[in-house]
Amino acid sequence: MPQLNPEFFVSQLFWLAVFFSFLLIFLWRVSLPRISLVLEKRQRKIDENLSSAKMLQEQAQEIESNINNKISKAKQDADEKIKKAISSLQSDVSTKLSTLDEELEIKISNSEKEILKSKESQMKNIDNEIANITKITVSKITNLSISESEIEQAIKTRKGLLS
């Protein structure tokens, strides 16, 4: 093998040094700066993305807090409107009930008056019929003629005893 022959060691070491020097200079001047630029760009992009993500997260939290505030305000407004509606309905119902109660009281009192009037007129009719029946009965049984004033006085005294 020619690589292991000692007479070629010097030339091999020379070319080894030249090749590694060239490789070192090439990597140091060309490849490594390009790699470092790519790494710097990548790091800047990552930092920018992180900062924009933080900003977006803060904005999202602000939006969320605004939404929560609006929701709570809407709930309060709805509760207030419901309470107002309930109170207005209750007042309407109470006024309607009071007017209905008043109307019923008026109708009841009118009905009572009508019943009393009807009762009085019916009692007068009954008294008249009793007077007629008594007059006819007494005249048929006894051949006596009783005047209407005597019959009415007898009916009044009988009523006075019953009450």
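In this predicted model, a negative patch on the surface brings together D101, E102, E103, E105 and E112. One of these residues, E102, has its place in helix 1, which covers residues 9–142.

A second surface patch is nonpolar in character and is formed by L13, L16, F19, F20, F22, L23, F26, L27, L32, I35 and L39. Together, these side chains contribute about 1,100 Å² of accessible area. L13, one member of the group, is found in helix 1. With a relative accessible area of 55%, L13 counts as exposed, because the cut-off for that class is over 50%. Another member of the nonpolar patch, L27, also marks the centre of a kink in helix 1, where the bend is about 45°.

Not every part of helix 1 faces outward: S31, D127 and A131 are buried in this helix. N132, which likewise has its place in helix 1, is partly exposed because its relative accessible area is 38%, a value that falls between the limits of under 20% for buried and over 50% for exposed.

What follows helix 1? The next residue is N143, and its phi is positive, near 60°. Beyond the helix, E148 can be related back to N132: the two residues are 16 apart in sequence, and their C-alpha atoms are 8.4 Å apart in space.

Terms used. Residues are numbered from 1 along each chain as its sequence is written. This is a predicted model: local features need pLDDT of at least 70, side-chain atom pairs count only at pLDDT 80 or more; totals for chains, interfaces and linings use all residues. Side-chain values use heavy atoms; hydrogens and water are left out. Patches are made of residues with over 30% relative accessible area and no salt bridge: like charges are joined within 9 Å, nonpolar side chains (Val, Leu, Ile, Met, Phe, Trp, Tyr) within 5 Å. Accessible areas come from the Shrake-Rupley method with a 1.4 Å probe; for residues, only the protein chains shown count as cover. A salt bridge is a side-chain nitrogen of Lys or Arg within 4 Å of a carboxyl oxygen of Asp or Glu. Lys and Arg count as positive and Asp and Glu as negative; His and the chain ends are not counted. The place of a charge is taken as NZ of Lys, CZ of Arg, CG of Asp or CD of Glu. Helices (H or I, at least four residues) and strands (E, at least two) are DSSP runs, numbered from the N terminus. The bend at a residue is the angle between axes fitted to the seven residues ending there and the seven starting there. Buried means under 20% relative accessible area, exposed over 50%, partly exposed in between (1.4 Å probe, protein chains only).
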